[in-house]
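Student: I've got a model open on my screen and I'd like to talk it through. Could we take it one feature at a time?

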Amino acid sequence: MSTLIVPLLLAAAAPLAPPPATQSATSAKPSATRLKADVATMVDFGTRHTASTTTDPKRGIGAARTWAARRFTEIGASCGGCITVDRISRRFTGPRAPTGVVVEDVLGIQKGRDPNRVVIVGAHIDSRVTDVMNATSDAPGANDNASGVALVLEAARLLSQRQFDATIVYAVFSGEEQGLWGAELLADTAKARGWQVSAMLNNDIVGNTVGQGGVRVADKVRVFSEGIRTSEDMVAQQGRRAEGGEDDGPSRALAKAIDGIAGGIPGGLDVMIDRRPDRFGRGGDHEPFLKLGYPAVRFSVAAENWDRQHQDLRTEKGVVYGDTIEGMDFPYLAKVTAINVATIAQIAAAPAAPEDVSIAGALSRDTTVKWTVVPGAARYRVRWRRDDSQGWTDVRDVTDTQTVLVQVPVDDTFVGVSALSTDGAESLVSFGGRERRR
């Protein structure tokens, strides 16, 4: 292996945007009409509380999950069986289910050329009212979180028209309101099955533009991501801090990729990268994946309306409470869906992100970058920036697994490397640190 190669220099930082092949595969736009129809169907189940009936064919969580499985089956039939349905379950017990409850996830699995590398897009189907223990009252859960489930189904419909290198798992969770149990179940299943999870996109409350007090934000969507990794022990965390990688962990790299991809969608939304795992003091279904070390983020609207979340249906002093479909904006939901679809398409079409990216150059004006071979990579993209900035500013495409950045001092520079497919689909960027001793 050569230690210095002649690179292809790119004049400006290439954005993390879908390459032409990926764009053509997802040229169909998400349908606001279809999204609304799916949300309306879920609302019509009355309640989808995790502890609600599982035997009534028209009401409760059981009917809702069966409907979701049927939708995946229908989508799979339209692409010659490219999507198969898997229903996984486990019994959980906790403060919000003291006598225990069976939590079931409905999965639509679109097998890629690599069955073990997966991209997951998920949302929870369960709903609740003011009292989290109330499993019988109507809990329409339109925005929280039929919006996310409708997005997952629409993503499956659009992405099923093409085969990808990675396997795509479309996940409909239950048990979110009781303790993120459905997400825990799938994260554990991913580990048990040996999946290499390239990304997990959690969509929760993604369909409204009018927030509390009437404020309207229709041009932005929030993407929450961790910096220091939940899965890292204290030694690893100290190492990341020493290397300056707090803003470049895998989940933050995923959020930055989403931001770049969204910027390439005409008439789309601005992605607000929220630099914390979730809303202040709150959580979501991406967190069990973070605990196991998988890159995961949460999409959520820019302006929440708490009068329409976790509320008994009622009107008090002219204020309408309850998560009903009237509080939603479906063209906005379609735009959030488009960002998810484009992100999944790019990551699933790209090779895996490089591992063991290291940089060296102490007492030198040059930085040497190394990484391990990524199966299926046509070339690699080395990205760097001054360490007083957050976004990559310079890039170099190479075909080897080592290069030297001349007159780029390691003390003042952050470096990352991504892998590219033949048609230019780019993986997440892996941050470069000190070479690990083996």
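Student: Before the rest, how exposed is Cys82, in relative accessibility?

Tutor: Keep in mind that this is a predicted model. Partly exposed covers the range between the buried limit of 20% and the exposed limit of 50%. Cys82 counts as partly exposed because its relative accessibility is 22%.

Student: Which cysteine is Cys82 joined to by a disulfide?

Tutor: The structure holds one disulfide. Its sulfur atoms sit 1.9 Å apart, and a pair counts when the sulfurs are within 2.5 Å. The partner of Cys82 is Cys79.

Student: Is that disulfide of Cys79 and Cys82 left-handed or right-handed?

Tutor: Look at the torsion about the S-S bond. For Cys79 and Cys82 that torsion is about -85°, so the disulfide is left-handed.

Student: Now helix H3, residues 61-77. How far apart are its end C-alpha atoms, and what span should we expect?

Tutor: H3 has 17 residues, and at 1.5 Å a residue these should span 24 Å. The expected span uses one less than the number of residues. The model agrees with that, since the end C-alpha atoms of H3 are apart by 24 Å.

Student: How many of the residues of H3 are buried, and which elements do they pack against?

Tutor: The count is 12 of 17, so H3 is largely enclosed by the rest of the structure. Among the buried residues are Trp67, Phe72 and Ile75, and also Arg65 and Arg71. The elements they pack against are helix H2 (32-43), strand S2 (83-94), strand S3 (97-110), helix H4 (142-159) and strand S5 (166-173).

Student: Which element gives the largest share of the lining of the largest pocket?

Tutor: That pocket holds about 1200 Å³ of space and is lined by 46 residues, with Arg229, Pro354, Glu355, Asp356 and Ser430 nearest its centre. Elements giving two or more residues to the lining are strand S6 (196-203), helix H7 (234-243), helix H8 (250-263) and strand S18 (430-431). By class, the lining has 19 nonpolar, 13 polar and 14 charged residues. The largest share, five residues, comes from H7.

Student: What about cavities: how much space lies in the largest cavity?

Tutor: There are three cavities of 30 Å³ or more. Residues lining the largest cavity include Asp144, Ile205, Arg308 and Met328, and its lining divides into two nonpolar, five polar and three charged. The space in the largest cavity is about 60 Å³.

Student: Asp144 caught my eye there. Which residue does a cis peptide bond join to Asp144?

Tutor: The omega of that bond is about 10°. The partner is found in helix H4. The residue joined to Asp144 is Asn145.

Student: And Ile205, is it buried or exposed?

Tutor: Ile205 is found in the loop between S6 and strand S7 (220-224). Its phi is positive, about 65°, although Ile205 is not a glycine. With a relative accessible area of 2%, under the 20% limit, Ile205 is buried.

Student: Leu363 also has a positive phi. Is Leu363 buried or exposed?

Tutor: The phi of Leu363 is about 60°, and Leu363 is not a glycine. Its place is in the loop between strand S12 (358-360) and strand S13 (367-370). At 91% relative accessibility, Leu363 counts as exposed.

Student: Last one: which residues does Arg434 contact, beyond its neighbours within four places in sequence?

Tutor: Arg434 lies in the segment after S18. Leaving those neighbours aside, the contacts of Arg434 are Gly239, Ala242, Glu243, Ser358 and Ile359.

Key. Residues are numbered from 1 along each chain as its sequence is written. This is a predicted model: local features need pLDDT of at least 70, side-chain atom pairs count only at pLDDT 80 or more; totals for chains, interfaces and linings use all residues. Side-chain values use heavy atoms; hydrogens and water are left out. Buried means under 20% relative accessible area, exposed over 50%, partly exposed in between (1.4 Å probe, protein chains only). Helices (H or I, at least four residues) and strands (E, at least two) are DSSP runs, numbered from the N terminus. Contact means heavy atoms within 4.5 Å. On a 1 Å grid over the protein atoms alone, a cavity is a set of points where a 1.4 Å probe fits but cannot get out, and a pocket is an open set with protein on both sides within 12 Å along at least five of seven lines; lining residues have an atom within 4 Å of a point. Grid points are joined across faces, edges and corners, and a volume is the space filled by probe spheres set on the points. Ala, Val, Leu, Ile, Met, Phe, Trp, Tyr, Cys and Pro count as nonpolar, Asp, Glu, Lys and Arg as charged, and the others, Gly among them, as polar.
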